[in-house]
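Colleague: Could you take me slowly through one part of this model, explaining each step as you would to someone in their first year?

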Amino acid sequence: MESQVRIVSTKKLLPNQKQFLLNANFSVIEADFVTIELKEFSVNNDNRFLVFSSQNAVESVLKNNKLEQLKSKKCFCVGQKTKAVLELHGFEVLETADYASELASIICNQYVQETFTFFSGNLRREILPEALTLAKVKFEEIEVYQTMLTPHKITSKPNGILFFSPSAVESYLQANTITDEICFCIGKTTAESVEKITSHCIIANQPSIENVIIQCIKYYSEV
């Protein structure tokens, strides 16, 4: 392994997350390549279940003035971290999946007669709403946050880049190029964006920031 590997994280890491990389003798540049703006919204209380595809959607709903009424409804969500935030704030999570496609499959196969309120962001992918529409599942989609690209120019060529969303990939490429850098991705959908540019892509075993870091350290410890 090189004496010091240069890593760019497209999201500012928590101190303990960054420390893992520093302990591995990596040089770390970190910046938020996307920023989130929560939106005010109104919600129809008629649907039986709530669907969350991200932690950002949960954060927005937690600020809504109908929060206590919404807590009476059971939730479906994408991601263990999203589930943890929901449960921390008193919601009951009925179904969880690592990816929106997996959650869509659960809903369409087991809950097709139910009704849902889907809280989403402006850059959400079409997978979940398209699947529900195709299966004729009744749902209302409410946009509760906006994702904005905030590109940063990286002046020192990195060895590896940590990506946590397709939006971060898009933002990174607005100000930088990817050549032979190794791209470490939080999940399949993020990897799909990277693989349009390069084949040097490694996907985390679990869709978490910590596992992306683990895969990065593991890769450079073996080269």
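Modeller: What follows is a close look at how two helices pack, with a short look afterwards at two single residues.

Please keep in mind that this is a predicted model. Two packed helices are described by the angle between their axes and the distance between the axes. Here the pair is helix α1, residues 15-23, and helix α9, residues 209-222, whose axes lie 10 Å apart and make an angle of about 5°. Angles under 35 degrees count as roughly parallel, and α1 and α9 are therefore described as roughly parallel to each other. On the α1 side the contact is made by Gln17, Phe20 and Leu21, while α9 contributes Ile209, Glu210, Ile213, Cys216 and Ile217. Sorted by character, the residues of this contact comprise six nonpolar, one polar and one charged.

Turning to the single residues, Cys77 belongs to strand β5, which covers residues 74-78, and because its relative accessibility is 0%, Cys77 counts as buried. Leaving aside neighbours within four places in sequence, Cys77 is in contact with several residues, among them Phe52, Leu86, Val93 and Leu103. The C-alpha atom of Cys77 is also 9.1 Å from that of Gln55, although the two residues are 22 residues apart along the chain.

Thr198, by contrast, sits in the loop between α8 (188-194) and β11 (201-203), and with a relative accessible area of 7% Thr198 is buried. Its side chain reaches the backbone nitrogen of His200 at 3.0 Å, and, again leaving aside neighbours within four places in sequence, Thr198 is in contact with Ile178, Thr179 and Cys183.

Key
Residues numbered from 1 in each chain as written. Predicted model: local features only at pLDDT ≥ 70, side-chain atom pairs only at ≥ 80, totals over all residues. Heavy atoms only, no water. Axes fitted to C-alpha atoms, helices over the stretch in contact; angles between N-to-C directions. Helix = DSSP H or I, 4+ residues; strand = E, 2+ residues; numbered from the N terminus. Parallel < 35°, antiparallel > 145°, perpendicular 65-115°, else oblique. Contact = heavy atoms within 4.5 Å. Nonpolar A, V, L, I, M, F, W, Y, C, P; charged D, E, K, R; others polar. Buried < 20%, exposed > 50% of the residue type's maximum accessible area, 1.4 Å probe, protein only. Polar contact = N/O pair within 3.5 Å; in protein donor to acceptor, adjacent residues only side chain to side chain.
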